[in-house]
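Visitor: I am new to this structure. Could you walk me through a few of its features?

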Amino acid sequence: MYKILKKDGNAKRAEFTTVHGVIQTPVFMNVATVAAIKGGVSTEDLEGIDTQVVLSNTYHLHLRPGDELVYRMGGLHKFMSCNKPILTDSGGFQVFSLAKTRKIREEGVYFHSHIDGHKLFMGPEQSMRIQSHLGSTIAMAFDECPSAKAEHEYVQMSVDRTTRWLLRCKKEMERLNGLEYTVNHDQMLFGINQGAIFDDIRIEHAKRISEFDLDGYAVGGLAVGESHEEMYHVLDTVVPFLPENKPTYLMGVGTPANILEAVERGVDFFDCVYPSRNGRHGHLYTNRGHINILNARYEMDDTPIEEGCGCPACRRYSKAYIRHLLKAGEMLGMRLCVLHNLYFYNHMMTEIRQAIEKGEFSAYKKRKLEGMLEFDSQPVSQDYNIARNWRKG
RNA sequence: GGGCAAGUAGCGAAUCGGCAAACGCGACGGACUGUAAAUCCGUUCUCUUCGGAGGUAAUGGGCUCGACACCCAUCUUGCCCA
């Protein structure tokens, strides 16, 4: 059940009730593709960093360890010892990202395992069965994600097929939810809007999938090569055509700025690999913009990544130490960086919800965006100069 | 004191008489949007107007059309023997 608590412009503060708990939106979902947040972040760690929802992946878990195995182990929640809501992506995006050898047909997609190259087939029914085995809180429809550069004619054809696939997904999910030994009888299904950057296709598709009475609606196929302006334009165009009494999910997005812009346009759910992947690579988010902690300027910086940050890394460790850990290839370095970034994202969502409740979202967004631009004009730190001079003798 | 071996980029090295420094590491910088990502890309002797220009094989000499390579001496380092 989706209940809007407060509207502030188009920004919405809502609650989404699931069998695994109530999700406070807007929300960021923490990406755990293979039932693990990369960088050594455990289910237990999620408790301390403001997280609500975990996202995992149908395709990856089907390959390894196998959805049948997860089913036998009692479902994904039990398997990874996580009682939070879990959303599973359908594998549709892997059809896009593993594009080299795929063949897309009406029945589904033929492609090859990225692990050992063996032949695979996945269609709407297969995706639903895998997700049902996993027993996730929310299953995503199996879709095709056309490239941002695809021609209008191709996108139209692709989107029409995605609509037909959605009908098959819905039927199969209803059947699976009714089976006696299903892990989660209340598994929800979100549909996915596609249409690249073509307004007519986006709107037509949004109208058609809105008739399916699904549990939520996602906007897919963005942040795949188009400009930010094009992405925001698509949101301006399509969100008004999605059901207002259901949550809206912008898939795979994005930067903190992307999220703020999308919340302003009425989006409730987000997910992105940025905080975890960038964290592993030393790219850290702060309220004054991002830093690359591997830069030499931080080698003797004894301040935390961000002063006043409540994450486990900032509460205890300096940039100099964390930089050393990353340089030395120590797991702890990545772990602390990922924890910091995830906290930054999830905590920003908390702030967003508070701002909407107060009717101050617009001011909050402006302040946040301006703050994040600050970094570019920051002078090189004093510590860095001291370190340089000391090195020179 | 004697014998043997080795000295090439910050480090490890390739070059085995014919464009020195490939390749790896380290260092420095960058990228990453429903994770084929603990990954990938660029730079890393000097100068440069980014088109290029110049320099270097421990040191000095020699043989040779041509030497990092072969010879001699010196220095340094390692190992062995006294």
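Visitor: Which residue stands opposite L120 in β9?

Guide: F111 stands opposite L120. Keep in mind that this is a predicted model.

Visitor: How do you know that β8 and β9 pair?

Guide: Pairing needs at least two bridges between the strands. Strand β8, residues 109-112, and β9 have 4 bridges. So they count as paired. The sense is antiparallel.

Visitor: What makes β7 and β9 edge strands?

Guide: Each pairs on one side only. β7 covers 103-104 and β9 covers 119-122. They belong to an open sheet of 3 strands, in the order β7-β8-β9.

Visitor: How is the packing of helices α6 and α7 described?

Guide: Two packed helices are described by the angle between their axes and the distance between the axes. For α6 (residues 124-134) and α7 (residues 152-177), the angle is about 35° and the axes are 8 Å apart. Their crossing is right-handed.

Visitor: Which residues of α6 and α7 make the contact?

Guide: From α6 come P124, E125, M128, R129 and S132. From α7 come W165, R168, C169, E172, M173 and L176. By class, the contact has 6 nonpolar, 1 polar and 4 charged residues.

Visitor: What makes a residue count as near RNA strand B?

Guide: Its C-beta atom, placed from the backbone, must lie within 6 Å of the strand. There are 47 residues around RNA strand B. C145, A223, G252, G254 and S276 come nearest.

Visitor: Which elements each supply at least two residues of that surface?

Guide: β5 (53-57), α5 (92-97) and α11 (274-280) do. By class, the surface near RNA strand B has 17 nonpolar, 20 polar and 10 charged residues.

How values were computed: Residues numbered from 1 in each chain as written. Chains lettered and ligands numbered in written order. Predicted model: local features only at pLDDT ≥ 70, side-chain atom pairs only at ≥ 80, totals over all residues. Axes fitted to C-alpha atoms, helices over the stretch in contact; angles between N-to-C directions. Left-handed = near helix turned anticlockwise from the far one by under 90°. Contact = placed C-beta atoms within 7 Å. Nonpolar A, V, L, I, M, F, W, Y, C, P; charged D, E, K, R; others polar.
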